[in-house]
Amino acid sequence: VQLQASGGGLMQTGGSLRLSCAASGHSFRSYSVGWFRQAPGKERDFVAYISSGGGTTDYAASVKGRFTISRDNARNTAYLQMNSLKPEDTAIYYCAAQTSVTHYRTNYGYWGQGTLVTVSS
């Protein structure tokens, strides 16, 4: 499966953005999707995941209650709705796919190219 993340941009603190992860190739509905982010000089960290059917989600503690992950299998697309953005949310955001839900970056076999989110104070 090939993934392409989009929707990043520059926002002020408290603003909202919706990231998209468009998939092509193998059957998207067979894969769980994870979002990760990497701030400058830091490791790539887990943000959220959603199961293949959308019934199971989980979030990093730092984004719980502010971010929502969803998917539309008919459109082969997953989303990350980000509300109440903070400067510490500034990072490159990556979507990834795997056949089972997992928090672990190394378990994901398919990655998109990343989209930059910058939150100004």
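Q: Which residue lies over the face of Phe-28?
A: This is a predicted model, so let's begin with one of its rings. A charge counts as sitting over a ring if CZ of Arg is within 6 Å of the ring centre and within 35 degrees of the ring normal. Over the face of Phe-28, at 4.4 Å from the ring centre, lies Arg-71.

Q: At what distance from the ring centre does Arg-44 lie over the face of Tyr-94?
A: Tyr-94 belongs to an aromatic cluster that also includes Phe-36 and Tyr-49. Arg-44 lies over the face of Tyr-94, and its distance from the ring centre is 3.6 Å.

Q: Which residues form one aromatic cluster with Phe-36?
A: A search of the whole structure turns up seven aromatic pairs. Rings can also gather into a group, and the partners of Phe-36 in one such cluster are Phe-46, Tyr-49, Tyr-94, Tyr-108 and Trp-111.

Q: Is the aromatic pair of Tyr-31 and Tyr-110 stacked or edge-to-face?
A: Seven aromatic pairs are found in the whole structure. In the one formed by Tyr-31 and Tyr-110, the ring centres are 5.6 Å apart and the planes meet at 85 degrees. Planes over 60 degrees apart count as edge-to-face, while those under 30 count as stacked. The pair of Tyr-31 and Tyr-110 is therefore edge-to-face.

Q: How many residues apart are Tyr-31 and Tyr-110?
A: Tyr-31 sits in the loop between strand S3 (17–24) and strand S4 (32–38). Tyr-110 belongs to strand S10 (residues 110–111). This pair links distant parts of the chain, and the separation is 79 residues.

Q: Is Tyr-31 buried or exposed?
A: Buried means under 20% relative accessible area. Tyr-110, the partner in the pair, has 31% and is partly exposed. Tyr-31 has a relative accessible area of 10%, so Tyr-31 is buried.

Q: What is the angle between the planes of Tyr-108 and Trp-111?
A: Tyr-108 is buried at 5% relative accessible area, whereas Trp-111 is partly exposed at 27%. Their rings lie 6.2 Å apart, centre to centre. The pair is edge-to-face, with an angle between the planes of 65 degrees.

Q: How many strands are there in the chain?
A: From the N terminus on, the elements run β-β-β-β-β-β-β-β-β-β-β. There are zero helices in the chain, and the number of strands is eleven.

Q: What radius of gyration does the chain have?
A: The C-alpha trace spans about 40 × 25 × 25 Å along its principal axes. For 121 residues, a compact globule would have a radius of gyration near 14 Å. The value for this chain agrees with that: 13 Å.

Q: What percentage of the 121 residues in the chain is buried?
A: The accessible surface of the chain comes to about 6,000 Å², and 45% of that area belongs to carbon and sulfur atoms. Turning from surface to buried residues, their share of the 121 residues is 43%.

Q: Which residue does a disulfide join to Cys-21?
A: The whole structure holds one disulfide. Its sulfur atoms are 2.2 Å apart, and the residue joined to Cys-21 is Cys-95.

Q: Why does the disulfide pair tie together parts that are distant in sequence, and how many residues apart are they?
A: Cys-21 is buried, with a relative accessible area of 0%, and Cys-95 is buried with a value of 0%. Cys-21 lies in strand S3 and Cys-95 in strand S9 (residues 91–98), so the pair ties together parts whose separation in sequence is 74 residues.

Q: Which residue in the loop between strand S7 (67–72) and strand S8 (77–82) has a positive phi of about 55 degrees?
A: The residue in question has this positive phi although it is not a glycine. At 30% relative accessibility, it counts as partly exposed. The residue in that loop is Asn-76.

Q: How far apart in space are Gln-2 and Ala-97, C-alpha to C-alpha?
A: Gln-2 is in strand S1 (residues 2–6), and its neighbours in contact include Ala-22 and Ser-24. In sequence, Gln-2 and Ala-97 are 95 residues apart. In space, their C-alpha to C-alpha distance is 9.0 Å.

Terms used:
Residues numbered from 1 in each chain as written. Predicted model: local features only at pLDDT ≥ 70, side-chain atom pairs only at ≥ 80, totals over all residues. Heavy atoms only, no water. Phe/Tyr/Trp six-rings, centres within 6.5 Å; stacked < 30°, edge-to-face > 60°. Helix = DSSP H or I, 4+ residues; strand = E, 2+ residues; numbered from the N terminus. Buried < 20%, exposed > 50% of the residue type's maximum accessible area, 1.4 Å probe, protein only. Rg over C-alpha atoms; globule rule 2.2 N^0.38 Å. Areas by Shrake-Rupley, 256 points an atom, 1.4 Å probe, with all protein chains shown as cover. Disulfide = S-S within 2.5 Å. Contact = heavy atoms within 4.5 Å. Lists of a residue's contacts leave out its neighbours within four places in sequence.
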